[in-house]
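Biologist: Hi! Could you walk me through the open and closed spaces in this protein? I'd like to start with the pocket.

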Amino acid sequence: MSQEQLRPVRVGLLGIGTVGGGTFTVLKRNQEEIRRRAGRGIEITMVADLNTELAKKVVGDAAQVVADARAVIANPDIDVVVELIGGYGVAKALVLEAIAAGKHVVTANKALLAVHGTEIFAAAREKGVIVAFEAAVAGGIPIIKALREGLTANQVQWVAGIINGTTNFILSEMRDKGLDFDVVLKEAQRLGYAEADPTFDIEGVDAAHKATLLSAIAFGIPVQFDKAHVEGITKLSATDIKYAEQLGYRIKLLGIARRRDDVKTPAGIGGVELRTHPTLVPMKRLIANVEGAMNAVLVQGDAVGTTMYYGKGAGSEPTASAVVADLVDIARLLDAAPAARVPYLAFQPDSMSALPVLPLDQVVTSFYLRLRVADKAGVLAKLTGILADQGISIDAVIQREADEVSEGNQTDLIILTHETTEGGMNQAIAAMQALPTVLAPIVKLRKEELA
Ligand code: HSE
């Protein structure tokens, strides 16, 4: 059959908000070029949205608009269901129903896949349908494609990314203007960079969902959001951003997934670190200079070395760019056997790895500590003694007159350590905190060289 004779792929959108609208616009604007790439047309023929008036305004006569998402799933003419509703609730039911109805699924829903991915991919495999999710991680950056296909020769060693634009915007503003978190969050909400309920973003949950997906694709492990360490930026102070800067570091919220072959686990095969937290990164690294709402992901592979992917992680057309790319992949594979497809999580489902996600205590990283101490003889010696007892090596120590301290008998000590385990560091901190000369709760941040 010549390509001219292939019928268009018929797509049903569930939700036509920001990303759905962008998907409609991009598909329409670039339809001819997309058809030449896909080998057939891609048409949105049906849209479900509770706000049917708004949906009709966006799609005009081009597609049938309904309020009931299940009408899209039940339509035998629809080949692909694009889920853009979000969340774990109704979206999960609809995705599973679409799969059960034999539809291919495209979704931007990282929360759904990070938490329920195992169930969803198993159901899709059973039915022989594709579940594509490029838009779920870092919006328009084709990081899923890069990891699943472009880097497939490599043993991936680690992935580290700025994968939440809201928090990167807030951190950039805090650093630029020396402002505290609360002040910048309000400004970000006013400008539309942060949602009215920003909890998932600022508490690190959104980034951890994405890191969970990246860990699964990088190492061929199941999605295990429940084992991820999740820490946001709400407790970060402008003081630490300033001190980090003075030491040559920027603080970024990183999602990190790292293979660890050195660690002994019950299965005897090492493990994987999966963590999201504010991180000091050397200023000279490219990723430290990713500012505002932009995203960037670093991948370290044994063959390729370090690669970096940079771009817009959210927004209407950047995210639509990823959704449409998934639709083109599906269009090309519509008539192909399931075995010819790229596996959902990059590795064949029967060849997944049992590498466990390591508990936080076993994570190895270096640390930034800030201690408010009495400014008198012997204090530093005591602290360094405690670190030495734990086998923790010090990289740098600086003493700073704390801005808010008026009396001359207190000072801030900032200690940078070399790599050690989180468990060991916590024990040392507990011992230091117990000293009468340590006058306030010790601030602990993690530091990654990303070399
Ligand atoms: N809320 C996300 C962010 C975008 O701020 O990056 C969608 O994942």
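Modeller: Happy to. The largest pocket has a volume of about 1200 Å³. Keep in mind that this is a predicted model.

Biologist: How many residues line the largest pocket, and which lie nearest its centre?

Modeller: There are 44 lining residues, and those nearest the centre are Lys110, Glu195, Asp201, Asp206 and Ala314.

Biologist: Which elements give two or more residues to that lining?

Modeller: One strand does, β11 (294–301), together with the helices α1 (18–29), α6 (110–127), α8, α10 (199–202), α11 and α13 (316–333).

Biologist: And how does the lining of the largest pocket split by class?

Modeller: It has 18 nonpolar, 18 polar and 8 charged residues.

Biologist: Okay, on to the ligand. Where does the ligand sit?

Modeller: In that largest pocket. The elements that supply two or more residues to the shell around the ligand are α8 (165–177) and α11 (205–219).

Biologist: Which residues are around the ligand?

Modeller: The shell is made of Lys110, Asn164, Gly165, Thr166, Asp201, Asp206, Lys210 and Ala314. By class, that gives 1 nonpolar, 3 polar and 4 charged. Lys110, Asp201, Asp206 and Ala314 are also among the residues nearest the centre of the largest pocket.

Biologist: Which side chains have a polar atom close to an oxygen atom of the ligand?

Modeller: Thr166 has a polar side-chain atom 2.5 Å from a ligand oxygen. For Lys110, the distance from a polar side-chain atom to an oxygen atom of the ligand is 2.7 Å. Asn164 also has such a pair, at 3.4 Å.

Biologist: How much of the ligand's accessible area does the protein cover?

Modeller: The ligand on its own has 260 Å² of accessible area, and the protein covers 82% of that.

Biologist: Nice. Changing topic: how many cavities of 30 Å³ or more are there?

Modeller: The count comes to 1. Its volume is about 40 Å³.

Biologist: How do you find empty space like that, by the way?

Modeller: You roll a probe the size of a water molecule over the atoms, and that shows where empty space is left.

Biologist: Got it. So which residues line the largest cavity?

Modeller: Leu171, Ser172, Arg175, Ile241, Arg250, Ile251, Lys252 and Glu291. Two elements give two or more residues to this lining: α8 and β9 (249–260).

Biologist: What about the classes in the cavity lining?

Modeller: The lining of the largest cavity divides into 4 charged, 3 nonpolar and 1 polar. As for α8, this helix gives two or more residues to the cavity lining, and it does so for the shell around the ligand too.

Definitions and conventions:
Residues numbered from 1 in each chain as written. Predicted model: local features only at pLDDT ≥ 70, side-chain atom pairs only at ≥ 80, totals over all residues. Heavy atoms only, no water. Near = heavy atom within 4 Å. Polar contact = N/O pair within 3.5 Å; in protein donor to acceptor, adjacent residues only side chain to side chain. Areas by Shrake-Rupley, 256 points an atom, 1.4 Å probe, with all protein chains shown as cover. 1 Å grid on protein atoms, 1.4 Å probe; cavity = no way out; pocket = protein on both sides within 12 Å on 5 of 7 lines; lining within 4 Å. Sits in = over half its atoms within 2 Å of the grid points. Helix = DSSP H or I, 4+ residues; strand = E, 2+ residues; numbered from the N terminus. Nonpolar A, V, L, I, M, F, W, Y, C, P; charged D, E, K, R; others polar. Points joined across faces, edges and corners; volume = space filled by probe spheres on them.
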